[in-house]
Amino acid sequence: MMSPAMPTGSVLGKAHWDALARALERSNAWLIYDAAMERIRFDDGERVHPAHVDGLAERTITVGAASKELRMIGWRVGWVVGPAEILRDINLVGLSNVVCQVGIAQEAVAAALSAPDADDDVAHATAIWKARCDAIVDQLAGYPVIRPDGGWSLLIDTVPLGLSAFEAAERLFERGRIAATPMTGWGPSGDRYVRLVFANEPLERFGDLRARFDEAWS
């Protein structure tokens, strides 16, 4: 599970984790929690880590990374936290399947995480992403845009537009000069959505977004 999730930007709250805990009572499954974007939140809702929920603490494996929140994408450094009984197996899997990180990359991430302004830095970046998200949603008022609660992408439902995700992405690119990704292959509902990513798009590039969208459907 991931919260905020990619590509939807949906956030899992206490009710979601409680429901999952009840479901997992009937199995011995582990919960792998992707926490790479957990601080990139646009809402004011309660922050709930699954390991704080009754029934999930003893089965939650948290996977973190510097790639998204700290914008250290190329460094590819992350970490895993979980119950001691499973970490030995995780370490063995990691040694066999993960590229070994060089020392400078690990030290760089440690410095970024422990910097005095580390939390403020993430909050500032999140505010920028929220402003970009708000600008896109405002520009595309009337279009079937799904507003995210976090992350750095949003989805557009192509079914009300009478197009498949692939057709919509093609039109946006060829007529509107907008790069959108069809979500084909991202689950049973993916075929009806395209994704816009605003991770690195400055606000000034959104000034004519509505006009370009309208051009794509003309």
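Buried means under 20% relative accessible area, exposed over 50% and partly exposed in between, with a 1.4 Å probe and protein chains only. The model is predicted: local features need pLDDT of at least 70, side-chain atom pairs count only at pLDDT 80 or more, and totals for chains, interfaces and linings use all residues. Residues are numbered from 1 along each chain as its sequence is written, and side-chain values use heavy atoms, with hydrogens and water left out. Helices (H or I, at least four residues) and strands (E, at least two) are DSSP runs numbered from the N terminus.

**Exercise 1.** State which residues of helix 4 are buried and what they pack against.

Solution. Step one: helix 4 covers residues 118-139. Its buried residues are Ala118, Val122, Ala125, Thr126, Trp129, Arg132, Cys133, Ala135, Ile136 and Val137. Step two: these residues pack against helix 3 (103-114), strand 4 (145-146), strand 5 (153-157), strand 7 (193-197) and helix 6, where contact means heavy atoms within 4.5 Å.

**Exercise 2.** Check the span of helix 4 and of helix 2, then say how helix 2 is placed.

Solution. Step one: the expected span is 1.5 Å times one less than the number of residues. Step two: the 22 residues of helix 4 should span 32 Å, and its end C-alpha atoms are 32 Å apart, which agrees. Step three: for the 14 residues of helix 2 (residues 84-97) the expected span is 20 Å, again in agreement with end C-alpha atoms 20 Å apart. Step four: the number of buried residues in helix 2 is one, so helix 2 lies largely in the open.

**Exercise 3.** Describe the crossing of helix 5 and helix 6.

Solution. Step one: the axes, lines fitted to C-alpha atoms over the stretch in contact, with angles from 0 to 180 degrees between N-to-C directions, belong to helix 5 (residues 165-176) and helix 6 (residues 209-217); they come within 8 Å and cross at roughly 115 degrees. Step two: helix 5 is therefore roughly perpendicular to helix 6, a class that runs from 65 to 115 degrees. Step three: the contact involves residues including Ala168 and Arg171 of helix 5 and Arg212 and Phe213 of helix 6.

**Exercise 4.** Place strand 1 in its sheet and assign its side chains.

Solution. Step one: three strands form an open sheet in the order 1-2-3, with mixed pairing; two strands pair if DSSP finds at least two bridges between them. Step two: strand 1 and strand 3 (78-81) are the edge strands. Step three: strand 1 pairs with strand 2 (residues 60-65) in the parallel sense over four bridges. Leucine 31 stands opposite threonine 60, and aspartate 34 opposite valine 63. Step four: Leu31 and Tyr33 point to one face and are buried, whereas Ile32 and Asp34 point to the other and are not.

Notes:
Parallel < 35°, antiparallel > 145°, perpendicular 65-115°, else oblique.
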